[in-house]
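Thanks for coming, everyone. Let me put the structure up and walk you through it.

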Amino acid sequence: MEKVKILWSGITGRTGKEAVEIAKESDSVEISAGLSRNNVDYYNYDELDNIKEDFDVIVDFSHKDSFDRVLDFALKVKKPIVIGTAGLTEEQMKRFEEASKIIPVFRGGNFRFDVKKFIDEVVEYAKKSEKESFDLIETHYKTKKVPSETAKVVAKRVLDETGKQVNIKSLLEYDELINDWKIDDLRCRVIGFKELAENVLEIARMMKAKTASGVYDLDRLLKEQELIDLHNFLIEAKKETYANETAPIVTSTRRGSRDYEYIKDNWTYHDTYFGGIDFQGQEVVYHRGDTPTWGMVYYGRTLDESLSEEAMDKALRPALMQVGKDDTIPVRGPKEFENQGYKYTFKVTGDLTNFEGEETIEKEGAKIYTLKCHGGRIRK
């Protein structure tokens, strides 16, 4: 894996120092250069045009007085920028929103993955609760600026998605670097800056592949990344199940069904189908345990029964093993595939979140098989 190279602005700050140490041991990112206001070991903000090191993404955790120069530089070199600098003025915030039309820009009230999970849980709790308002008690280290950006995000999301109010009560009590948020029985606590630095480095890695398309935040970034991960997982899963002649059939989940399953990391793919010459089935992908996140239903017919097994072995399975070879979404095979006199075609509209498709097999110009499928994302 080629490492994503990062130019870190504010490298001598608490988050920057942690990031430097983490990057030294990382297989996916490296900090190739740094910017500091007063450390001679790094470039200062008058030396931006003197930077010789190559970099893919700019991370800015500096000071609002340096921000404009860093943003101008990002626009000049056309590189994505991850903005973590606090206290930006309304004019500066307007500038990075305008910049997001030209370069990929990440800016959020939260950079921590665990905190995002907490925010999502609060929103779901608010949706189900009969209460019309909630008290968010946040307790931080004594020099923290409050209310925190996280608290503001919680309040805004709850209001936007439920119409309910969140009342923020901020306390500065800790001598150590502790941040704590609590609503009723829901709580999130983070300590120090190591985890924050790890999360920012991962955000920078993901931002490298983005295009200019409005301001990214963690919620949007992770939703898009989940689709990318699903895309890649489906390619692997398809090649390790029905399409692969050596793939084992697993225990039947329904009377008369044939089942395949593939598991990797936090993803599980399960395919259940009935029949042979004519058949129907369903595929479901689960993410992080038993949560169904994607599915597809399909029905196939063999129009020339004398060629049923031969067509499967010489056309369908080999075509399905070509999944991911072109830009077709990885739900069946490629757009076209030919083998030993057979021609396979797959036409699909939509994307992984919502699609419809039809595949056909011809022999000597005559259609001998057809399948229709549709599916997409599963959400509660």
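Start with Glu 236. Glu 236 sits in helix α7, residues 218–239. This is a predicted model, by the way. Is Glu 236 buried, partly exposed or exposed? Partly exposed, at 29% relative accessibility. Setting aside neighbours within four places in sequence, Glu 236 contacts Tyr 262 and Lys 264. Now compare Asp 120. Glu 236 and Asp 120 are 116 residues apart in sequence, and their C-alphas are 30 Å apart in space.

Next, Arg 317. This one is in helix α8. Arg 317 has a relative accessible area of 16%. The cut-off for buried is under 20%, so Arg 317 counts as buried. What does Arg 317 touch, leaving out residues up to four places away in sequence? Tyr 242, Ala 243, Glu 245, Tyr 260 and Met 312.

That takes us to the cores. A general point first. In soluble globular proteins, nonpolar side chains tend to be buried together. Here, the largest nonpolar core has 37 residues. Those with the most contacts inside that core are Val 285, Trp 294, Leu 316, Val 331, Tyr 344, Ile 361 and Tyr 369. Which helix gives the most to this core? Helix α8, residues 308–320, with 6 residues. Apart from this core lies another, of 27 residues. Its members include Val 29, Phe 193, Ile 203 and Leu 218.

Back to Val 331 for a moment. Beyond residues up to four places away in sequence, Val 331 touches Lys 238, Trp 294, Met 296, Phe 346, Leu 352 and Phe 355.

Cysteines, quickly. How many disulfides does the structure hold? The count is 0. Cys 188 is buried, at 7% relative accessible area. Cys 373 is buried too, at 3%.

Now helix α2. Helix α2 covers residues 64–77, which is 14 residues. From first C-alpha to last, helix α2 reaches 20 Å. That is close to the 20 Å expected at 1.5 Å a residue. Which residues of α2 are buried? Ser 66, Phe 67, Val 70, Leu 71, Phe 73, Ala 74 and Leu 75. Look at the spacing with this in mind. An α-helix has 3.6 residues a turn, so residues three or four places apart point the same way. What covers the buried residues of α2 includes three strands and a helix: β1 (4–9), β3 (57–60), β4 (81–83) and α3 (90–99).

Last, the backbone. Most residues other than glycine have a negative phi, and most peptide bonds are trans. I have three places to flag against that.

Lys 78 comes just after α2. Lys 78 is in the loop between α2 and β4. Its phi is positive, about 60 degrees, although Lys 78 is not a glycine. At 53% relative accessibility, Lys 78 counts as exposed.

Asp 184 is in the loop between β8 (178–183) and β9 (186–191). Its phi is near 50 degrees, again a positive value in a residue other than glycine. Asp 184 is partly exposed, at 28% relative accessible area.

Third, a peptide bond. Where is the cis bond? Between Val 146 and Pro 147, with omega about 0 degrees. Pro 147 is in the loop between β6 (133–141) and α5 (149–162).

That's my tour. Over to you.

Definitions and conventions: Residues are numbered from 1 along each chain as its sequence is written. This is a predicted model: local features need pLDDT of at least 70, side-chain atom pairs count only at pLDDT 80 or more; totals for chains, interfaces and linings use all residues. Side-chain values use heavy atoms; hydrogens and water are left out. A nonpolar core is a set of buried Ala, Val, Leu, Ile, Met, Phe, Trp, Tyr and Cys residues joined through side-chain atoms within 4.5 Å. Buried means under 20% relative accessible area, exposed over 50%, partly exposed in between (1.4 Å probe, protein chains only). Helices (H or I, at least four residues) and strands (E, at least two) are DSSP runs, numbered from the N terminus. Contact means heavy atoms within 4.5 Å. A disulfide is a pair of cysteine sulfur atoms within 2.5 Å. The expected span of a helix is 1.5 Å times one less than its number of residues.
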